[in-house]
Amino acid sequence: AGNTLMVNADVIGETKLPYGTYTASSAEVAGYVVDSVGGGSVVVLGGIAPNPVRGVSFLWSAPTGLVPLALPDPNVSVNANGISVDGTLVGGTLQVPQAFSTLGRYSLDGGWEPVACGAIGRALSSDGTTIVGASSNDQGDFAAIRWSAVTGLEPLGALPGSSESFAYGVSGDGSVVVGSHGDGQFPNERAFVWDEESGVRDVQT
């Protein structure tokens, strides 16, 4: 999971949608695997966009082929970031033109559900309960966040000397979060870990 992979037309073929045709062999398609379960039997593909650009994400399995995760609205772009271990829930980011990004969660029986405005998702816990990523603060810097249906959107807190933080990974039950913090410049980024008992702390101290 998380490895970049150009979508192979011989594997997943073509999917026709009302507002465009997504062909894996097209130069306009740059899909990548964001997560998988069952040893790769079910795969989530994100970052697939036709021309005009409208991000769409897909589930792929050998029995079903490429299945689009239906958009909540034709003007909304979606980028998936993870799938639950049972393959029934997908986490992602919904984007409306000229509007804030929104955390979203997709269920096979209910479609996309916006869960938190003003945030970007980067990972979904394997039990499907928790999404982590970042929101933009009043200064325009990113601050690491965690969302669950129980807690809602919660900031993970800041570390001394850091102006930005971003969460990139979460444990299977959503209780532990990992990410980076710093001043927004890559060479200065440092790893952090968060849990409810100890809060956010620098891994390298």
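## Ser-165 and its surroundings

Ser-165 touches Ala-134, Phe-142, Ala-143, Ala-144, Gly-157, Ser-180, His-181 and Phe-192, leaving aside residues up to four places away in sequence. Contact here means heavy atoms within 4.5 Å. This is a predicted model, in which local features need pLDDT of at least 70 and side-chain atom pairs count only at pLDDT 80 or more, while totals for chains, interfaces and linings use all residues. Residues are numbered from 1 along each chain as its sequence is written, and side-chain values use heavy atoms, with hydrogens and water left out.

Ser-165 sits in strand 15 (residues 164-170). Its relative accessibility is 11%, so Ser-165 counts as buried. Buried means under 20% relative accessible area, exposed means over 50%, and partly exposed lies in between (1.4 Å probe, protein chains only). The Ser-165 side chain also makes a polar link: it reaches the backbone nitrogen of Ala-144 at 2.8 Å. A polar contact is a pair of N or O atoms within 3.5 Å; within protein, one must be able to donate a hydrogen and the other to accept it, and residues adjacent in sequence count only if both atoms are side-chain atoms.

**Overall build.** The protein has 1 helix and 18 strands. Both are DSSP runs numbered from the N terminus: helices are H or I with at least four residues, strands are E with at least two. Of the 205 residues, 46% are buried. Among contacts between residues at least 6 apart in sequence, 32% join residues at least 24 apart. The exposed surface is about 10300 Å², and carbon and sulfur atoms supply 54% of it. Accessible areas come from the Shrake-Rupley method with a 1.4 Å probe; for residues, only the protein chains shown count as cover.

**Strands 11 and 12.** Strand 11 (residues 119-124) has 5 of its 6 residues buried, so it is largely enclosed by the rest of the structure. It pairs with strand 12 (residues 130-136) in the antiparallel sense, over 5 bridges. Two strands pair if DSSP finds at least two bridges between them. Leu-124 has Ile-131 in strand 12 as its bridge partner. The hairpin of strand 11 and strand 12 has 5 residues between the strands, and Gly-128 there takes a positive phi near 80°.

**Salt bridges.** The count is 3. The rule asks for a side-chain nitrogen of Lys or Arg within 4 Å of a carboxyl oxygen of Asp or Glu.

| Acid | Base | Closest N and O atoms |
|---|---|---|
| Glu-154 | Arg-146 | 2.5 Å |
| Asp-202 | Arg-190 | 2.7 Å |
| Asp-195 | Arg-201 | 3.0 Å |

Arg-190 lies in strand 17 (residues 190-195) and Asp-202 in strand 18 (residues 199-202), so this pair ties together parts 12 residues apart in sequence. Arg-190 is partly exposed at 32% relative accessibility, whereas Asp-202 is buried at 13%. Asp-195 is buried at 16%, and Arg-201 is partly exposed at 31%. Glu-154 is partly exposed at 21%; Arg-146 is buried at 12%.

**Aromatic rings.** The structure holds 3 aromatic pairs. One of them joins Phe-166 and Tyr-168, stacked at 5.1 Å centre to centre with 15° between the planes. Rings of Phe, Tyr and Trp (its six-membered ring) pair if their centres lie within 6.5 Å; planes under 30 degrees apart count as stacked, over 60 as edge-to-face and the rest as tilted. Phe-166 is buried at 10% relative accessibility, while Tyr-168 is partly exposed at 45%. Phe-142, Phe-166 and Tyr-168 form one aromatic cluster. Phe-142 is also among the residues that Ser-165 touches.
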